[in-house]
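Morning, everyone. I have one structure to go through today, and then one residue in it. Please have a look at the screen.

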Amino acid sequence: MRDLLGDLADGAPFLDAWETVRYPGTDRTALRGLCWGHPVHGDTIVTTSVLVARGPGYAVTESGRAYVLGEPHVHVPPPAILSGRRGPGHAVPLPLSPFEDGDDLPALEI
């Protein structure tokens, strides 16, 4: 089995920051991530075809393509809004009129 995986990994695209997704239009599992060295798509974000096997460091799809897997994507929650920022009950600052320049510098004389 190790020899088979070695053969599959030769020339296999590298998929990093990957996550499991549903293959479009089905309930079957695929992977989506940042791909380097894909023979058709090059270096880009890809969604693989349906997975048929996945193990430590590799995945094989229904199309027969093997992928070398990097790290899975880690979802980071957005930072909390700091106090003092605009939120419910706070007025939106109005933009300056075109006749106000908004600074306290002396006017430029031409």
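I will start with the chain as a whole and then turn to a single histidine.

A caution before anything else: this is a predicted model.

The chain has 1 helix and 6 strands. Reading from the N terminus, the order is α-β-β-β-β-β-β, so to speak a helix followed by strands.

Next, burial and surface. The chain has 110 residues, and 20% of them count as buried. The exposed area comes to about 8,700 Å², with 58% of that supplied by carbon and sulfur atoms. On contacts: taking those between residues at least 6 apart in sequence, 35% join residues at least 24 apart.

Now the histidine. Where does histidine 38 sit? Histidine 38 lies in strand β2, which covers residues 29-38. Is histidine 38 buried or exposed? Its relative accessible area is 9%, and buried means under 20%, so histidine 38 counts as buried.

What does the side chain of histidine 38 reach? One partner is the backbone nitrogen of histidine 41, at 3.2 Å. Another is tyrosine 67: the two side chains make a polar contact at 3.4 Å.

Tyr67 also turns up in the list of residues that histidine 38 touches. Leaving out residues up to four places away in sequence, that list reads Pro13, Arg65 and Tyr67.

To put histidine 38 together: a buried residue in strand β2, with a side chain in polar contact with that of tyrosine 67. That is what I have for today.

How values were computed
Residues are numbered from 1 along each chain as its sequence is written. This is a predicted model: local features need pLDDT of at least 70, side-chain atom pairs count only at pLDDT 80 or more; totals for chains, interfaces and linings use all residues. Side-chain values use heavy atoms; hydrogens and water are left out. Helices (H or I, at least four residues) and strands (E, at least two) are DSSP runs, numbered from the N terminus. Buried means under 20% relative accessible area, exposed over 50%, partly exposed in between (1.4 Å probe, protein chains only). Contact means heavy atoms within 4.5 Å. Accessible areas come from the Shrake-Rupley method with a 1.4 Å probe; for residues, only the protein chains shown count as cover. A polar contact is a pair of N or O atoms within 3.5 Å; within protein, one must be able to donate a hydrogen and the other to accept it, and residues adjacent in sequence count only if both atoms are side-chain atoms.
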